[in-house]
Amino acid sequence: MPTILGQNQYGKAENRVVKITRDGDTHHIKDLNVSVALSGDMSDVHLTGSNANCLPTDTTKNTVYAFAKEYGIESAEQFGIHLARHFVDSQEPIHRARIRIEEYSWERIASSDANSKFIGADEVNHSFIRKGQETRVSEITYDGQNWQVISGLKDLVVMNSTNSEFWGYVKDKYTTLQEAYDRILATQVSARWRFNWSDDEQRMPNWDKSYEQVKKNMLEAFAETYSLSLQQTLYQMGSRIINHRSEIDEVRFSLPNKHHFLVDLEPFGLKNDNEVYFAADRPYGLIEATVLRDGVEPKIPVDMTNL
């Protein structure tokens, strides 16, 4: 039976690069995990084994580290833009580059006055602790003319200890869940948002400022929504971002419902007045949806595990 070659790409995945910028005694850290995927005129390498159009994946790895030195890392998005432009513009067989980046944040360790004096320094600006709140992510795609930048975050755990209900749902003979009029609402946010910046003629967003503001809008909406369902909260989070950030046209969320169940304390002669809960890790409800600016076509993949 005849076969044909379908979609294909190649590159070097998960290049871990840490860039230290030394501003005198004050140091700054950018800690990235960079994956490069290239596609284009790659038929021969699959069909005949000819490597004439194949830039080695080892070269893509080296480019990541060289660019960290040559250009620095202003932001994950900007670094990805430099890489994608280089691979497409410098290699004729390469028609499209996709750069996926995870960024791990660090914050400074504040030293005590006593310790600072002990080590003979007025201020310590080179010691850091890894932040544990979330991982920032970005995906930059370039085809020689058009850009697509999708940023986001994962593993951001949030909780409302009240102002959440869940009742009035469909019930059948298998339904055992009791209606709740005061419950814990908790989730581990995975979110992606797509920028409407798509070509070099447009003004480029301030990537770091945009990230901080999107996260702020998202968290404010989560905290301020009196929730009748996690779906309702998701929509309010997405709407808040779209309405406050003109540079963003589309947001997609994947929100696992981190269930907290009241523990039955009656066997011990105790009343549980919404105080003691069992935090279940699985199974969990999984709520996913996209929120769009009106008139915009969705482009973020529905299955976010592909990002």
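This is a short walk through one structure, stop by stop, with selections to make in your viewer. Keep in mind that you are looking at a predicted model.

**Stop 1: helix α6**

Start by selecting residues 230-244, which make up helix α6. Put a distance between the C-alpha atoms at its two ends and you should get 21 Å. That agrees with expectation, because 15 residues at 1.5 Å a residue should span 21 Å.

Now show the side chains on this helix. Which residues of α6 are buried? Colour Leu230, Thr233, Leu234, Met237, Gly238, Ser239, Ile241 and Ile242, and you have them.

Next, bring up what covers those buried residues. The cover includes helix α5 (207-224) along with β8 (185-195), β9 (248-257) and β12 (285-292). Give each of these elements its own colour and turn the view around α6.

**Stop 2: where α2 meets α3**

Hide that lot and select residues 57-70 for helix α2 and residues 76-90 for helix α3. The two helices pack with their axes 11 Å apart, at an angle of about 130°. That angle makes α2 oblique to α3, since it falls neither in the 65 to 115 degree range that counts as roughly perpendicular nor over 145, where roughly antiparallel begins. The crossing of α2 and α3 is right-handed.

Show sticks for the contact: on the α2 side, pick Thr60, Thr63, Val64, Phe67 and Ala68. Facing them from α3 are Phe79, His82, Leu83, His86 and Phe87. Sort the contact by class and you get 6 nonpolar and 4 polar residues, with no charged ones.

**Stop 3: backbone oddities**

Time to leave the side chains and look at the backbone. Most peptide bonds are trans, and most residues other than glycine have a negative phi. The next three selections go the other way.

Zoom in on Arg282 and Pro283: the peptide bond from Arg282 to Pro283 is cis, with omega near -5°. Pro283 sits in the loop between β11 (277-279) and β12, and β12 is one of the elements covering the buried residues of α6 back at the first stop.

Then go to Asn274, in the loop between β10 (260-262) and β11. Asn274 is not a glycine, yet its phi is positive, at about 55°. Is Asn274 buried or exposed? Partly exposed, with a relative accessible area of 31%.

Finish at Asp155, which lies in strand β7 (residues 147-160) rather than in a loop. Phi of Asp155 is near 65°, again a positive value in a residue other than glycine. Asp155 is partly exposed too, with a relative accessible area of 37%.

Definitions and conventions: Residues are numbered from 1 along each chain as its sequence is written. This is a predicted model: local features need pLDDT of at least 70, side-chain atom pairs count only at pLDDT 80 or more; totals for chains, interfaces and linings use all residues. Side-chain values use heavy atoms; hydrogens and water are left out. Helices (H or I, at least four residues) and strands (E, at least two) are DSSP runs, numbered from the N terminus. The expected span of a helix is 1.5 Å times one less than its number of residues. Buried means under 20% relative accessible area, exposed over 50%, partly exposed in between (1.4 Å probe, protein chains only). Contact means heavy atoms within 4.5 Å. Axes are lines fitted to C-alpha atoms, for helices over the stretch in contact, and angles run from 0 to 180 degrees between N-to-C directions. Angles under 35 degrees count as roughly parallel, over 145 as roughly antiparallel, 65 to 115 as roughly perpendicular and the rest as oblique. A crossing is left-handed if the near helix is turned anticlockwise from the far one by less than a right angle, and right-handed if clockwise. Ala, Val, Leu, Ile, Met, Phe, Trp, Tyr, Cys and Pro count as nonpolar, Asp, Glu, Lys and Arg as charged, and the others, Gly among them, as polar.
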